[in-house]
Structure formats: structure tokens, C-alpha cells
Amino acid sequence: MKIAIINGPNLNLLGQREPGIYGSSSFEDFFNELKKKYTAIQFYYFQSNIEGELVSALQQYGFGYDGIILNPAAYTHTSVAIGDAIAAIKTPVIEVHISNVHAREAFRHLSHVSAKVAGSIIGLGLKGYELALTYFIDSKK
Ligand code: DQA
């Protein structure tokens, strides 16, 4: 089973970046644990701070993969192009946000991707990525 995780801007700084909001674990540490726990999964990981690279990654993983777990970070709230890319591809996408964006500033309440994804997991920390993964695993059974 092939699962892609795509992270948007500033998520490369997880662990150091506003730890009160995003926690103190780096994505790499979390991802290494995830890979150890789910050895049967073929994982593909991509992070970029550049909008167009995220669109290209969605196109690349969007055909022939079993699921995409996407945290578009700040582009969630601004990017029509990322929303369009999700609509254009075949692979189901789950949107994940580490923080509860609805409890934060009003500009974080709008998502250009929520209406195009299979579902959204918001505010449950890094655990949200694992919950998205188990959804894809269970749907394949
Ligand atoms: C985020 C929430 C976004 O509003 C923010 O811009 C991020 C991270 C989250 O995972 O909580 O960079 O997507």
C-alpha cells in the first residue's frame, strides 16, 4: 500500500516552531516512529515551502497511490491552485492540521481544500497523521 504525506510551508521547522501551538517533536522523529509501526506501508514524504511544488507533488502522487495525507499549512487558507489540484487527481486526500485552526485567527477558518478532500482531521496534533493513515488502511481491507 502506497501512502504519500505532503507537508506545506514551515512544517520543516516543527519542534522548534511555536512549540506551544505545534508541539516539540520534529516531523522527522514522528515520521520515523510511524514508519517503524507501519512496516507494511510504502511511505513517500514530501515537504515544500513553495506552493507550485506542492501542486506538482499532488499531481505526481495523485494517480496510482492509495492515499495522500496533506497538511498544506498556510496555503490552506490562500491556495486555489492546491484545491484545484486535489479536485484534478484520483488518489483520495485527507487534510490534516496539527492545531485547531477554528480556535485561532479568523483567516485560518477558511480552507480552499476542505471541500475537495475525503475528510479533514483538525486539532489533534501529530496524531492526526496517524489517524488519517489508519483510515486509509481500514478502507483498503
Ligand atoms: C497548520 C495550520 C495553519 O493555519 C498554519 O499556517 C500552519 C500549520 C496546522 O497544521 O495546524 O502552518 O496547517
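The following paragraphs describe the sheet, two helices, the ligand surroundings and two buried residues of a predicted model. Residues are numbered from 1 along each chain as its sequence is written. Because the model is predicted, local features need pLDDT of at least 70 and side-chain atom pairs count only at pLDDT 80 or more, whereas totals for chains, interfaces and linings use all residues.

Secondary structure elements are DSSP runs numbered from the N terminus, with helices (H or I) of at least four residues and strands (E) of at least two. Two strands are taken to pair if DSSP finds at least two bridges between them. Strands of a sheet pair through backbone hydrogen bonds, either parallel or antiparallel. In this model, five strands form an open sheet with parallel pairing, in the order 2-1-3-4-5. Its edges are strand 2 (42-47) and strand 5 (119-122), each of which pairs on one side only. On average, neighbouring strands of the sheet are turned by 20° against each other, direction ignored; axes are lines fitted to C-alpha atoms, for helices over the stretch in contact, and angles run from 0 to 180 degrees between N-to-C directions.

Strand 1 (residues 2-7) is joined in parallel to strand 3 (residues 67-71) by five bridges, and six bridges join strand 1 to strand 2, again in parallel. Ala4 stands opposite Tyr44 in strand 2, and the bridge partner of Ala4 in strand 3 is Ile68. Asn7 stands opposite Asn71 of strand 3. Strand 1 is mostly covered, with five of its six residues buried (20 or more other C-beta atoms within 10 Å of a residue's own; exposed if 12 or fewer, partly exposed in between; C-beta atoms placed from the backbone).

Helix 3 (residues 51-61) packs on the sheet, where strand 1, strand 2 and strand 3 are touched, and the direction of helix 3 makes about 175° with that of strand 1. The axes of helix 3 and helix 4 (residues 80-88) come within 9 Å and cross at roughly 5°. The two helices are therefore roughly parallel, a term for angles under 35 degrees (over 145 being roughly antiparallel, 65 to 115 roughly perpendicular and the rest oblique). Contact denotes C-beta atoms, placed from the backbone, that lie within 7 Å. Helix 3 contributes Glu51, Leu54, Val55, Leu58 and Gln59 to this contact, and helix 4 contributes Ala81, Ile82, Ala85 and Ile86. Seven of these residues are nonpolar, one is polar and one is charged (nonpolar: Ala, Val, Leu, Ile, Met, Phe, Trp, Tyr, Cys and Pro; charged: Asp, Glu, Lys and Arg; polar: the others, Gly among them).

The ligand is surrounded by Asn10, Asn71, Ala73, Ala74, Thr76, His97, Ile98, Ser99, Val101 and Arg108, a residue being near a molecule if its C-beta atom, placed from the backbone, lies within 6 Å of it. By class, this shell has four nonpolar, five polar and one charged residues.

Val117 lies in the loop between strand 4 (93-97) and strand 5. Val117 counts as buried because it has 20 C-beta neighbours inside 10 Å. Apart from neighbours within four places in sequence, Val117 is in contact with Ile86, Val93, Ile94 and Glu95. Tyr129, located in helix 5 (residues 127-140), is buried, with 21 other C-beta atoms within 10 Å. With neighbours within four places in sequence again left aside, Tyr129 is in contact with Ile5, Ile69 and Val96. Tyr129 and Glu95 are 34 residues apart in sequence and 9.0 Å apart in space, C-alpha to C-alpha.

Methods: Two residues are in contact if their C-beta atoms, placed from the backbone, lie within 7 Å.
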